[in-house]
Amino acid sequence: MARTAGWEAVLTELVALRGDALTRYAVMLCGNRDDAADLVQTALEKTFGRLRNGFDVETAESYVRKAIASAYVDAGRKATRFRQRAHLLVTDDAVPAAGGATDERLDMRGHLDRLSPRERACIVHRYYGDLMVDDIARALGISSGAVKRYLSDGLAKLAAALDDARRELPHV
């Protein structure tokens, strides 16, 4: 049973108990730890920025998770608008690792990076968070029908990308 406390105590307890889980959740959304840490920080500021009392840790975590998802989608929207106006192609200079499992993980991350922010958020909630459509809709503040559409579109894009990748493999 969670107890109600002042916002400072709730924030301290939330970060101590659930900080790593919140960061992992953010990493699944955005794809890297640095951006994930920024998302978590932004979400904590938004959630606790108004000196809210009466929260317990579970309620606060729910608010923070929703704020993380909202911040991710907002950042994706801003990045899309920037790319539409920048007219520049930015490439990733990262050197791929030699390990096969690492290559597959990086390939999947690359495929996830090509999804729209909402498609990615829905897929992460569904398969990483193990949420049902109605739960995803509540978490992202959109309709169940929109969630179904984003899941369908995102999974179709991933399936097509994985099929293309399989066709490019050398036949042994």
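Among contacts in the protein chain between residues at least 6 apart in sequence, 66% link residues at least 24 apart. The model is predicted, and its protein chain comprises seven helices and zero strands. Read from the N terminus, the order of elements is accordingly α-α-α-α-α-α-α. Of the 172 residues of the chain, 30% count as buried. The chain exposes about 11300 Å², of which carbon and sulfur atoms supply 54%.

Helix H1 spans residues 7–30 and departs from a straight course. Its 24 residues would reach 34 Å in a straight helix at 1.5 Å a residue, yet the end C-alpha atoms are only 28 Å apart. A bend of about 70° is found in H1 at arginine 18. The buried residues of this helix are Val10, Leu14, Gly19, Ala21, Leu22, Thr23, Tyr25, Ala26, Val27, Leu29 and Cys30. Glycine 31 follows H1 and has a positive phi, near 100°.

Two of the buried residues of H1, Leu14 and Leu29, recur in the interior of the model. The largest nonpolar core has 37 residues, and those touching the most other members are Leu14, Leu29, Phe48, Val64 and Ile68. Two or more residues of this core are given by each of H1, H2, H3, H5, H6 and helix H7 (144–168). H3 provides the largest share, nine residues. When residues up to four places away in sequence are not counted, phenylalanine 48 touches Trp7, Val10, Leu11, Leu14, Phe55, Ala60 and Val64. Among these partners, Val10 and Leu14 are buried residues of H1.

Two aspartates in loops between helices were examined further. Aspartate 56 lies in the loop between helix H2 (33–48) and helix H3 (57–86). This residue counts as buried because its relative accessibility is 17%, under the 20% limit. A polar atom of the aspartate 56 side chain lies 3.3 Å from the backbone nitrogen of glutamate 58.

Aspartate 130 is located in the loop between helix H5 (117–128) and helix H6 (133–140). With a relative accessibility of 61%, aspartate 130 counts as exposed, since the value is over the 50% limit. Most residues other than glycine have a negative phi. Aspartate 130, although not a glycine, has a positive phi of about 55°. The two loop aspartates thus fall into opposite classes, with aspartate 56 buried and aspartate 130 exposed.

Methods. Residues numbered from 1 in each chain as written. Predicted model: local features only at pLDDT ≥ 70, side-chain atom pairs only at ≥ 80, totals over all residues. Heavy atoms only, no water. Helix = DSSP H or I, 4+ residues; strand = E, 2+ residues; numbered from the N terminus. Buried < 20%, exposed > 50% of the residue type's maximum accessible area, 1.4 Å probe, protein only. Polar contact = N/O pair within 3.5 Å; in protein donor to acceptor, adjacent residues only side chain to side chain. Expected span 1.5 Å × (residues − 1). Bend = angle between axes of the 7 residues up to and from the residue. Core = buried A, V, L, I, M, F, W, Y, C linked by side-chain atoms within 4.5 Å. Contact = heavy atoms within 4.5 Å. Areas by Shrake-Rupley, 256 points an atom, 1.4 Å probe, with all protein chains shown as cover.
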